[in-house]
Protein chains: 2
Amino acid sequence: MKRKVTLKQIARELDVSVSTVSKALRNSKEISLDTRTKVQAFAKLYNYRPNNIALSLKNKRTKTIGVIIPEIVHHFFSKVISGIEKEANSRGYNVIIGLSNESFDKEVINIEMLANGSIDGFILSVSKETLLLQDYHHFYETINQGMPIVMFDRVVNEIACDKVVVDDKLGSKKAVTKLLDSGCKNIALITTKDYVNVGKLRTQGYLEALEEHKIYPKSSLIIKVEENKDKEVEIETLEEEISALLDKEKTIDGIFAVNELYAITAMKIAISKGYKIPDDISIIAFTDGVLSKHSIPSLSTISQHAVEMGEKSATMLIDKLEELVEEEKYHTEVINTTLIERDTTR
Amino acid sequence: MKRKVTLKQIARELDVSVSTVSKALRNSKEISLDTRTKVQAFAKLYNYRPNNIALSLKNKRTKTIGVIIPEIVHHFFSKVISGIEKEANSRGYNVIIGLSNESFDKEVINIEMLANGSIDGFILSVSKETLLLQDYHHFYETINQGMPIVMFDRVVNEIACDKVVVDDKLGSKKAVTKLLDSGCKNIALITTKDYVNVGKLRTQGYLEALEEHKIYPKSSLIIKVEENKDKEVEIETLEEEISALLDKEKTIDGIFAVNELYAITAMKIAISKGYKIPDDISIIAFTDGVLSKHSIPSLSTISQHAVEMGEKSATMLIDKLEELVEEEKYHTEVINTTLIERDTTR
DNA sequence: TGCAGCTACGCAAACGTTTTCGTGTTGACA
DNA sequence: TGTCAACACGAAAACGTTTGCGTAGCTGCA
């Protein structure tokens with residue numbers, strides 16, 4: 001087994017100095033053509049590749065960006081990552097992943113682990129626990145040390161950094177407007193508790209759409225789901241709530257859910273109660289994922305363009321790293337949403 | 001903005017040498033208690049953290065493992081990653097991700113990018129194109145340079161390295177046996193072309209199960225899907241094939257598909273043709289994902305225990321890195337599959 | 001007083017690179 | 001023959017650590 005070859009080894013072998021080898025490989029005309037070709041041939045033969053770590057140490061940059069997300073087994077986040085990876089790779093950067101699993105502690109540990117020189121900057125989506133605790137010291141420290149952060153999707157407004165968000169309010173307004181325009185009169189909303197920013201904004205969009213159509217919102221049509229670590233339990237509780245809602249409010253003819261799973265769950269219950277989708281009840285979900293595409297009937301959704309979010313985040317971070325933009329100027333990019341009409345709307 | 005503080009800066013500030021600072025921080029009793037406490041207090045105040053890159057260079061190990069997968073927007077792979085990440089983190093390692101997008105070139109580039117000192121070892125699943133081309137030089141080179149590789153799921157048998165695979169044959173045999181035991185007589189198989197190892201093995205399991213039940217396989221019941229970069233097209237073609245199959249073979253009462261999406265597609269067509277699931281036709285899919293769990297009716301599947309695969313892969317790699325096992329001894333771990341009975345089987 | 005031995009620290013090398021600067025040799029030209 | 005430029009290369013520093021070894025200064029004992 002031949003170990004990795006270094007400049008020093010080449011130098012020794014060819015009886016020249018390390019600096020000569022280095023210069024020869026970079027084709028410096030300081031070195032005679034003779035020596036250059038000799039060195040280059042030797043390097044090629046032994047498959048020489050400069051050691052990245054040494055370069056990082058010397059250049060004070062690693063050409064690696066750190067991504068911290070709450071979970072990876074999630075269509076949205078994995079799409080964002082693929083966007084980040086695409087843009088990063090095309091600009092010569094690597095991507096290193098940390099998972100917070102929605103835990104504050106793991107988020108802090110991951111950030112500390114990566115902030116000590118391993119990476120040049122962060123792209124992250126804040127964990128739910130952090131949002132709940134409102135403890136942002138780790139973000140402040142990182143930024144203070146001169147390491148740029150780009151937050152996406154779940155951001156903290158009060159922190160001065162670049163952000164990429166989707167227009168949650170407008171997106172859900174689009175969805176609800178679509179339902180209204182197609183003739184729905186009594187639209188139920190399935191959302192999360194308000195402390196999840198995203199849930200709150202999407203609720204606002206729902207309300208605004210109703211208002212524009214001069215429809216008075218009824219709180220009895222709104223389910224605010226309490227999130228649970230155990231998804232099974234969360235969904236079971238939701239099933240009961242939806243079932244009760246449909247039993248009580250017989251006039252419901254539209255459902256808007258802030259995520260795919262809630263929408264699928266609602267659809268399941270509705271179907272089991274004999275409703276025809278979309279004739280009796282139309283359904284739209286926020287977040288476009290695999291479930292929506294392949295459910296039967298396939299679900300109409302608001303797409304968040306996750307890949308684009310990832311690309312945009314990476315672009316913003318790398319631009320900052322390469323000083324293509326001013327360091328102290330922060331910017332928030334809003335990604336548009338798109339209504340994808342499938343088979344649960346008329 | 002206070003930049004990252006280094007040993008040198010602390011040394012200068014406290015008017016001692018760098019080595020003294022280093023030793024003081026590591027609590028070497030070579031240094032007086034006085035100096036130690038002084039240095040430690042100062043370091044704490046300025047939030048000193050040793051630079052990882054410098055450590056990596058010195059120690060010749062990065063405590064980072066590279067993972068290369070064909071795609072990340074895929075339930076199975078993202079689950080594997082979460083398993084890797086969990087095990088790696090708990091042992092103090094970082095995880096850096098590369099995506100090959102099923103392309104040979106991207107796989108090679110990713111490996112070369114990471115192999116130059118950025119990581120200590122690889123965990124990877126081979127891209128389809130590589131399997132097709134059968135060009136494995138990049139794997140050989142990496143291993144030759146002394147960098148260990150663990151392959152999972154899509155492995156290359158002829159390469160000497162650790163492997164983690166699922167028992168594809170036994171898994172699909174379990175599925176088909178279940179169908180047979182529940183009374184199915186004419187079981188269709190939806191699989192991939194044989195050059196995808198996984199598809200081949202799963203086909204074998206199907207055949208073995210039939211054989212054990214003294215049922216003669218009929219090639220007219222088998223659909224071998226030609227994979228397509230464009231999933232939409234692939235699925236559309238599949239829809240037509242399934243439709244034709246069901247029209248021609250009226251006696252089909254069971255379907256086994258080698259992945260979720262094929263199963264869902266089959267189910268969709270069957271339902272549209274008026275079949276009752278599972279009364280008229282039972283369905284089982286390999287690979288347990290979100291689709292199966294939340295489809296209506298929910299799909300019975302063979303679970304591959306992806307998280308466990310990830311954990312196991314990481315364990316094997318790190319054990320090798322930390323020389324807890326012999327370097328030249330390679331081992332193939334077989335992960336068990338489990339039948340998860342849901343609503344598409346009787 | 002002289003010396004052994006201990007304490008507490010600094011020096012320097014090492015990891016692999018890149019780059020600046022210095023220098024020996026050669027050749028040309030006055 | 002003397003001077004100078006051009007050429008081709010080497011030495012050394014730098015990035016931030018860790019660690020083996022050397023040593024100055026002191027204490028204590030003969």
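This is a chat about a predicted model of two protein chains with two DNA strands.

Reader: Let's start with the two chains. How many residues of chain A are in contact with chain B?
Author: In this model, 44 residues of chain A are in contact with 44 residues of chain B.

Reader: Which elements of chain A supply that side?
Author: At least two residues each come from H4, helix H5 (75-90), strand S2 (94-99), helix H6 (104-115), helix H12 (260-272) and helix H13 (290-294) of chain A. H5(A) gives the most, with 6 residues.

Reader: And how do the residues on that side divide, nonpolar, polar or charged?
Author: The side of chain A that touches chain B has 20 nonpolar, 17 polar and 7 charged residues.

Reader: OK, strands. In what sense do S2(A) and S2 of chain B pair?
Author: Antiparallel, over 3 bridges, with residues 94-99 making up strand S2 of chain B. Within that pairing, A:Ile96 stands opposite B:Ile96.

Reader: What rotation superposes chain A on chain B?
Author: A rotation of 180°, with 0.1 Å of shift along its axis, and the RMSD is 0.1 Å. The two copies are thus related as by a two-fold rotation axis.

Reader: Which C-alpha of chain A is nearest the axis?
Author: That of A:Ile96, 2.0 Å from the axis. This is the residue that stands opposite B:Ile96.

Reader: Why say the copies meet through the same surface?
Author: Because 98% of the interface residues of chain A are also interface residues in chain B.

Reader: Switching to the DNA. Which residues come nearest to strand C?
Author: There are 23 residues around DNA strand C, and A:Ser19, B:Ser17, B:Ser19, B:Thr20 and B:Ser32 come nearest.

Reader: Which helices supply that surface?
Author: From chain A, helix H1 (7-14), helix H2 (18-25) and helix H4 (52-59) each supply at least two residues, and so do helix H2 (18-25) and helix H4 (52-59) of chain B. By class, the surface near strand C has 9 nonpolar, 9 polar and 5 charged residues.

Reader: And which come nearest to strand D?
Author: Of the 24 residues around DNA strand D, those are A:Ser17, A:Ser19, A:Thr20, A:Ser32 and B:Ser19. Here H2 and H4 of chain A, along with helix H1 (7-14), H2 and H4 of chain B, each supply at least two residues. The surface near strand D divides into 10 nonpolar, 9 polar and 5 charged.

Reader: New topic, backbone oddities. Where is the cis peptide bond of A:Pro297?
Author: The cis bond joins A:Ile296 and A:Pro297, with omega about -5°. A:Pro297 is in the loop between H13 and strand S10 (300-303) of chain A.

Reader: What about B:Pro278?
Author: The peptide bond from B:Ile277 to B:Pro278 is cis, with omega near 5°. B:Pro278 sits in the loop between helix H12 (260-272) and strand S9 (282-286) of chain B.

Reader: What's phi at A:Lys63, and is that residue buried or partly exposed?
Author: Phi is positive, about 55°, although A:Lys63 is not a glycine. A:Lys63 lies in the loop between H4 and strand S1 (64-69) of chain A. With 19 other C-beta atoms within 10 Å, A:Lys63 is partly exposed.

Reader: And B:Asp153, buried or exposed?
Author: Buried, with 24 C-beta neighbours inside 10 Å. B:Asp153 has a positive phi near 60° and lies in the loop between strand S4 (149-152) and strand S5 (162-166) of chain B.

Reader: Last one: what does UniProt list for residues 221-248 of chain A?
Author: An unreviewed UniProt entry lists them as "coiled-coil region". In the model, that stretch is 64% helix and 14% strand, and its end C-alpha atoms are 10 Å apart.

Conventions: Residues numbered from 1 in each chain as written. Chains lettered and ligands numbered in written order. Predicted model: local features only at pLDDT ≥ 70, side-chain atom pairs only at ≥ 80, totals over all residues. Near = placed C-beta within 6 Å. Helix = DSSP H or I, 4+ residues; strand = E, 2+ residues; numbered from the N terminus. Nonpolar A, V, L, I, M, F, W, Y, C, P; charged D, E, K, R; others polar. Contact = placed C-beta atoms within 7 Å. Pairing = 2+ DSSP bridges. UniProt positions renumbered as here; feature names shortened; annotations may be inferred. Least-squares fit on C-alpha atoms with pLDDT ≥ 70 in both. Buried ≥ 20, exposed ≤ 12 C-beta atoms within 10 Å, placed from the backbone.
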